[in-house]
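Take a moment to look at the sequence and the model together before reading on. The paragraphs below are meant to be followed with the structure open beside them.

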Amino acid sequence: MTDKPAPRAVTMTIALAALVLVNAILETMPALALPVIQADLRITPAAGGLLIAALTLTAAISTPIVGKLGDAFGPRRILFATTGFVIVGAALSGTGASYPAMIVGEVLQGLGAGLLSLTFTLVRSQLPDRWVKGVVGGVTAMYVLGATINLLVVGPVSTLLSWHWLFGIPALLGAAAAVAAWWLVPSIPRSGVKSAIGWPGALSFAVFLVALIMAIEEIPQMGLATTGSAVMVVLVVGLGVGWFMMERRSRAPFVPLTMIRRRGIWTANAAALVQGIGSVVGTILMPQLITLPRSSGGLGGSITEVGLYLLPSCVAGVIGTPLGGIAGQWLGSRTVIVIGTVLQLAGTVGLTMQHSDLWQVLLMTVLFGFGAGSASAAMYNLAISASGSHETGLSTGLNNLTRGLGIALGSVISTTILTASVAPGTRLPTDAGFVGAFAVSSGVLVLGVVLAFVVPAQPRAAAPQLAQAAA
């Protein structure tokens, strides 16, 4: 493979990035549009939360499975099957015909989380090695860009057209990108590596994940010292141990345990967990702080101003993510993860100490957004470098899954701290609650900096790369 990518490989990468962007828009939009969807469908907040949960759970469970299927049967075939499900799901949700139809639509859209892993597999097989890290950063930036676009368009589109178009427009764009990708994405030849899917392990893994995520969400509401919480902990531990023993004895494991034990793989997943927990600063804490009245220690902003205030942070993330991928080519993933995590830590510590003035909040969130973007790109590149080319989908899928679990865990921790701080007779969290939540996030990021130094400087792939398909 030459140092210069083929023109077809470049256009393929652009089409795949467009698909990832569409999925990012669909994945991050429902949370912002939930109030207008609830009002139109006349559903309760709990029912609206189930829409988000259906999307999140499906994304978490399906990501490693889609990646594994792509490794086994070829990413092109699985890519188009997954894209088809996402487009159908967006169409179902966009019609808003009924609440059950929307649930089904969100489940189908959740499958799109695996598109990122499939894209990484294709990029790794079709581009020269020296281009891969930068391109991975650029593709990863599509998720930040999708969230940024939603901050800007959810309000105007739902007001001028209707919330139905928030699903309809991405579905049309996704269909167009899929048609372009159909002609550009090549079929990758088999690597000769055994590619059997361990379906018993995959099923038990999915059951374990559902139980784990439910436990993370329910235990704080039930109380740590209750019988229900104890039962859920025992159930989750039992399912986890059962899955581990099944995989250990299986001749065709769903997740090869020898792969997970590699230093590059487990450190990449540890970094993903930290990044997920830390990300709640922007997704959970800041929106609530911005809308909190000034008399309670907030900024007193409106829902519209939430998007405006967070826009600089999102733009910083869009810039930082591809730069993190490019920097990783020269500095190594470990250095970029350290720098990115330190920037996030600086921003979070700054918010812990002072968050009453808008300029301070903007400065600290820009630092945080840039650091999060660059560290995320390096994290994915670390997982890719530490895996063989026949494992790219699975390794990055597991990395995405770990990040999702971190987001769920961080959301529970932060909301629990804020809820505990609510002043008597009100429903508003206090400034002390935000200080405590920011401080916990800072502690997690300190651990992330320490873990980053354990990352191998130059992890090696476990198997030779796949041959490049003919253009």
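What follows is a walk through parts of a predicted model, starting with one helix and its surroundings and ending with a second pair of helices.

We begin with helix 17, which covers residues 431-452. This helix has 22 residues, and the distance from its first C-alpha to its last is 31 Å, close to the 32 Å expected at 1.5 Å a residue. A number of its residues are buried, among them Gly433, Phe434, Ala437, Phe438 and Ser441, as well as Val444, Leu445 and Ala452. What covers these buried residues includes helix 11 (263-278), helix 12, helix 14 (333-353), helix 15 (358-385) and helix 16 (392-420).

One residue of helix 17 to pick out is Leu451. Leu451 counts as partly exposed because its relative accessible area is 25%, and that class lies between the limits of 20% and 50%. If its neighbours within four places in sequence are left aside, Leu451 is in contact with Ala270 and Val274. As a further point of orientation, Gly201 is 250 residues away from Leu451 along the chain, and the C-alpha atoms of these two residues are separated by 29 Å.

Turning now to one of the helices that cover helix 17, we can ask how helix 12 (residues 280-291) is placed against it. The axes of helix 12 and helix 17 come within 11 Å and cross at roughly 170°. Helix 12 is therefore roughly antiparallel to helix 17, since an angle over 145 degrees counts as such, and the crossing of the two is left-handed. Where they meet, helix 12 contributes Val280, Val281, Leu285, Met286, Gln288 and Leu289, while helix 17 contributes Phe434, Ala437, Phe438 and Ser441. Sorted by class, this contact has eight nonpolar and two polar residues, with no charged residues.

A second pair to examine is formed by helix 1 (residues 7-41) and helix 6 (residues 129-160), whose axes come within 7 Å and cross at roughly 40°. This angle makes helix 1 oblique to helix 6, and their crossing is right-handed. The residues that make the contact include Ala17, Leu21, Ala24, Glu27 and Leu32 on helix 1, and Val139, Met142, Gly146, Asn150 and Val154 on helix 6. By class, the contact between helix 1 and helix 6 has 17 nonpolar, five polar and one charged residues.

Terms used:
Residues numbered from 1 in each chain as written. Predicted model: local features only at pLDDT ≥ 70, side-chain atom pairs only at ≥ 80, totals over all residues. Heavy atoms only, no water. Helix = DSSP H or I, 4+ residues; strand = E, 2+ residues; numbered from the N terminus. Buried < 20%, exposed > 50% of the residue type's maximum accessible area, 1.4 Å probe, protein only. Contact = heavy atoms within 4.5 Å. Axes fitted to C-alpha atoms, helices over the stretch in contact; angles between N-to-C directions. Parallel < 35°, antiparallel > 145°, perpendicular 65-115°, else oblique. Left-handed = near helix turned anticlockwise from the far one by under 90°. Nonpolar A, V, L, I, M, F, W, Y, C, P; charged D, E, K, R; others polar. Expected span 1.5 Å × (residues − 1).
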